[in-house]
Amino acid sequence: MWERGRPPRKPRPSPLILPASALVSPPPPRFVFPRSLFALASRIMPSRRPSPVLLLLLALALALLFLLLSPSGPSASRLSHSFASTSVFAAASSPPSPVKIYLYDLPSKFTYGVVRSYMSARALPGSADVAATLADEELRYPGHQHSAEWWLFKDLRRRGPRDRPVARVDDPAEADLFYVPFFSSLSLVVNPIRPPAAVNASGAEATVGPFYSDEAMQEELVEWLERQPYWGRHRGRDHVFICQDPNALYRVVDRISNAVLLVSDFGRLRGDQASLVKDVILPYSHRINPFKGDVNVDSRPALLFFMGNRYRKEGGKVRDTLFQVLENEGDVIIKHGAQSRVSRRMATQGMHSSKFCLHPAGDTPSACRLFDALVSLCVPVIVSDHIELPFEDVIDYSNISIFVDTSKAVQPGFLTSMLRRVSSERILEYQREIQRVKHYFEYEDPNGPVNEIWRQVSVKAPLIKLLINRNKRLVERGTNETDCSCLCSTPSEISNSS
């Protein structure tokens with residue numbers, strides 16, 4: 001029966017009862033080989049007798065098909081992934097060939113002769129000239145923040161280990177790059193500011209006149225190079241100079257600006273002389289003893305430390321303002337002092353016992369003080385808006401230092417308030433990361449900056465080759481045209497050029 005006005009319900013179908021065997025999923029289809037290859041070949045080509053070549057091809061095809069359809073065999077996606085990973089592993093496991101570099105055999109006056117001149121200029125008049133009697137290999141480079149030129153020269157001289165980014169060659173025809181080992185930074189300071197005084201016949205002191213001219217050495221170096229066939233071949237583009245002091249090679253820099261320049265920063269170089277594209281930023285040699293202890297905050301009672309010249313030119317004028325802002329802070333140590341053994345001992349003690357170390361701009365954006373702080377596990381506070389830093393493709397400096405805009409740093413109370421808010425755990429994180437990367441700043445380390453500098457130089461080689469080949473086809477352009485091989489190093493210049 002059903003209610004009035006509604007259609008009758010359809011009767012429910014009785015459930016279908018299947019045998020138990022039907023509930024089990026059927027096994028996957030199996031590939032069945034034909035009884036013989038002759039039979040399969042005959043089906044494919046019934047009118048011809050199969051040849052041995054055809055039989056071989058069929059056998060290979062069937063073997064591959066069986067491998068793919070077998071339940072235990074790899075799927076197509078797994079096979080392709082396996083082949084891809086194998087090829088990637090093969091590519092990764094074969095290191096790139098080192099870039100071949102030729103070490104110019106410069107006249108000795110440009111290398112060991114500079115060291116001898118430096119030592120002689122500081123010898124007391126009338127005393128034996130020890131530098132003149134020492135063999136080249138017995139000479140020691142003076143303790144100097146720009147000693148990278150010595151480390152690179154000695155490394156190429158002894159050729160170093162084989163697994164390096166560069167390999168020295170004796171035949172210049174085989175070279176990709178040419179290294180010019182002039183000690184340009186030491187040459188700049190051969191003549192002491194206060195030369196030793198001599199005593200004349202009347203017993204009065206007489207100043208010994210300068211006998212060394214850095215400007216003349218620069219001119220003679222370039223004249224010597226211009227007589228070499230490999231310099232003129234590509235106008236020096238495949239040559240490498242080290243001029244770490246901001247004033248090194250200043251007289252001839254326009255004549256060598258095509259070359260790769262190893263510098264500390266671009267503070268005194270124009271955009272058409274140097275760029276991040278073709279040149280390499282080097283770390284200064286640290287002047288104080290590295291900290292030997294482990295990460296720690298409790299053993300560092302001072303909040304902030306700085307010791308250096310208070311009055312500098314250009315961007316370094318910020319130092320005087322920072323002195324005025326910070327010198328009355330109780331947990332801040334800020335002292336005026338020039339380079340000396342006594343000041344280095346005081347700086348060592350101060351950096352080893354401080355949480356943060358101030359790095360303001362000087363006459364140029366960078367200085368060795370930054371690297372003194374890093375080897376001391378003292379977190380650098382960088383107040384230098386135009387600084388360039390070494391090895392930034394492998395080091396993230398935001399993990400090992402704090403950057404502060406100059407306009408904010410000079411505001412009273414800003415720096416100290418910001419630093420006091422940094423937790424002890426965060427300071428320990430900075431210190432651990434500094435520990436991990438500080439070998440990049442220790443020239444004595446076999447895996448330190450020397451090896452990394454050569455790696456940085458080696459990656460310039462493909463670009464140099466590109467520019468050399470490109471210049472072979474270009475029509476000579478006017479001097480006012482922009483060279484696309486130059487990349488400006490300041491953000492404002494980059495934005496204006498884009």
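I count two strands as paired if DSSP finds at least two bridges between them. Helices (H or I, at least four residues) and strands (E, at least two) are DSSP runs, numbered from the N terminus.

The model is predicted, so I note its filters: local features need pLDDT of at least 70, side-chain atom pairs count only at pLDDT 80 or more, and totals for chains, interfaces and linings use all residues. Residues are numbered from 1 along each chain as its sequence is written, and side-chain values use heavy atoms, without hydrogens and water.

Entry: β9. I looked up β9, residues 302–308. It pairs in the parallel sense with β11 (354–360) over three bridges. F305 faces C357 of β11. β9 also pairs in the parallel sense with β10 (332–336), over five bridges. There F306 has I334 as its bridge partner. Seven of the seven β9 residues are buried (under 20% relative accessible area; exposed is over 50%, partly exposed in between; 1.4 Å probe, protein chains only).

Entry: α10. Which residues of α10 are buried? I find V318, R319, L322, F323, V325 and L326. They line one face of the helix, because they fall within an arc of 165° seen down its axis (directions from the axis to the C-beta atoms). Their cover includes β9, β10, β11, α12, α13 and α14, with contact meaning heavy atoms within 4.5 Å.

Entry: the open sheet. I read six strands in the order β2-β1-β3-β6-β7-β8, paired in parallel. β2 and β8 are the edge strands, each pairing on one side only. Two bridges join β7 to β8. V263 stands opposite I281 in β8.
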